[in-house]
Amino acid sequence: MNGKKSTLPYDILAFIIVAIWGATFISTKQLILNGLQPAQIFLIRFILAYAGICMISHDRLFSESLKDEVKFILLGISGGSLYFLTENTAVEFTQASFVSFLVCTTPLVTALMMAAVRRLAPGLLNRNDRITFNLAFISGTILALTGMAMIVFNGKYVLKLSPKGDLLALAASVSWAVYSILLSGIADRYGTAFISRKVFFYGLVTIIPVIMVQHGFCMDLSVFARPIVWGNLLFLGVVASLGCYVLWNKVMKVLGTVKASNYIYLNPLFTLVAAIIVLDERITVLAGIGCALIFIGVLLAGKSGSTEA
């Protein structure tokens, strides 16, 4: 025994959170098909999340310094407005499952960006977040990416892809990687509820100008009479945003940025399952093999890519 506490409960929690996030691609697609715009979906989602988090965290308004407050603004943009605007808009232009695949390049993007930041500006990172680009990490990454491709393509060799949607999905991946790196350097000094509340607030503040330019605040309120609309909005706002953001920030503290981010490789698996339940899609043998490769890849990359001091 090495005296370290088991992280298994947080590994399980990360698994559950990513399962929920995998289903959000389907929810977003359904809302878009019912007439809501990507920025509007984000606005309502984060209003619900912010209202909920204020009930939990309301004693403290500002952070310890102006420097930290600027970091929270950047967290609100990278993990809030910019991330969801690019991801939601990508779902509008291409298949939800393919967006999931591209967004799930986040762990690899995060690891590469962290390596660069560790060399150029080490003060931005938590000292416990270390990256090891060994054979196991590289092999695990390749296996996971291969598995994701198998799941997303689900036996189909010809896809009608949208270059605009693809680029937006990749932009979302980079945005979340920036969020993970910024969070790494600030997570130990603030509570998870406080961090989540600041992210929700600045995400809302920075999405308002976008909505004003694109659509104004005009919205067809009749769509909210549909159970599929308010049901998906409650799921996105209360479960996937409020609950999962608070818990994910805790997971990041315990597991470390790289190991936690590697669980995002599971996103396409859960997106596919949600698509089967909601859209009656079927799993092929190719997709089944892809599932196995993802689990093996996550185990390899997550175990070797991040070490704790």
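User: Do K198 and E69 count as buried or exposed?

Analyst: Both of them come out buried in this predicted model. To earn that label, a residue has to have under 20% relative accessible area.

User: What makes K198 and E69 a salt bridge?

Analyst: Their side chains meet with N to O at 2.5 Å. The cut-off is 4 Å between a side-chain nitrogen of Lys or Arg and a carboxyl oxygen of Asp or Glu, so the K198–E69 pair, at 2.5 Å, qualifies.

User: Why would you say the K198–E69 pair ties together separate parts of the chain?

Analyst: Look at where the two ends sit: K198 is in helix α8, while E69 belongs to helix α3. They are 129 residues apart in sequence, so the pair ties those parts together.

User: How many salt bridges turn up in the whole structure?

Analyst: Two of them. R189 also forms one with D68.

User: How do you know that R189 and D68 belong on that list?

Analyst: Their closest N and O atoms are 2.6 Å apart. Set that against the 4 Å limit and the pair is in. It links distant parts of the chain too: R189 is in the loop between α7 (163–184) and α8, D68 is in helix α3, and 121 residues separate them.

User: Which accessibility labels do R189 and D68 get, and why?

Analyst: D68 has a relative accessible area of 4%, so with the line drawn at under 20% it is buried. R189 has 36%, which falls in between 20% and 50%, so R189 is partly exposed.

User: On to the rings. How many aromatic pairs does the structure hold?

Analyst: There are 15 aromatic pairs. F42 and F84 form one of them: ring centres 5.7 Å apart, planes at 25°.

User: Why is the F42–F84 pair called stacked?

Analyst: Two tests apply here. The centres have to lie within 6.5 Å, and 5.7 Å does the job. Planes under 30 degrees apart count as stacked, so 25° settles the matter. F42 is in helix α2 (residues 38–56) and F84 in helix α3 (residues 66–93), so this pair ties together parts that are 42 residues apart in sequence.

User: What makes F42 and F84 count as buried?

Analyst: F42 has 0% relative accessible area and F84 has 4%. Buried means under 20%, so both make the cut.

User: And what makes the F46–F200 pair edge-to-face?

Analyst: Same recipe, other end of the angle scale. The centres are 4.9 Å apart, within the 6.5 Å limit, and the planes sit at 75°. Over 60 degrees is edge-to-face, so that is the label. F46 lies in helix α2 and F200 in helix α8 (residues 192–214), 154 residues apart. F46 is at 0% relative accessible area, and F200 is at 0% as well, so both are buried.

User: Which residues do ring pairs link into a cluster?

Analyst: F42, F84, F46 and F200 are among them, and so are W21, Y83, W176, Y179 and W248.

User: How many disulfides are there, and what would make one?

Analyst: Zero. A pair of cysteine sulfur atoms would have to be within 2.5 Å.

User: Why do C54 and C244 get their accessibility labels?

Analyst: C54 is at 26%, in between the 20% and 50% marks, so it is partly exposed. C244 is at 3%, under 20%, so it counts as buried.

User: Where is the kink in helix α9 centred?

Analyst: On C244, with a bend of about 40° in a helix that runs over residues 227–255. Just after α9, G256 takes a positive phi of about 95°.

User: Last one: why does L8 count as exposed?

Analyst: L8 has 52% relative accessibility, and exposed means over 50%, so it passes. L8 lies in helix α1 (residues 8–33). Together with I12, F15 and I16, L8 makes a nonpolar surface patch of about 350 Å².

Note on methods: Residues numbered from 1 in each chain as written. Predicted model: local features only at pLDDT ≥ 70, side-chain atom pairs only at ≥ 80, totals over all residues. Heavy atoms only, no water. Phe/Tyr/Trp six-rings, centres within 6.5 Å; stacked < 30°, edge-to-face > 60°. Helix = DSSP H or I, 4+ residues; strand = E, 2+ residues; numbered from the N terminus. Buried < 20%, exposed > 50% of the residue type's maximum accessible area, 1.4 Å probe, protein only. Bend = angle between axes of the 7 residues up to and from the residue. Patch = residues over 30% accessible without salt bridge, like charges linked within 9 Å, V, L, I, M, F, W, Y side chains within 5 Å. Areas by Shrake-Rupley, 256 points an atom, 1.4 Å probe, with all protein chains shown as cover.
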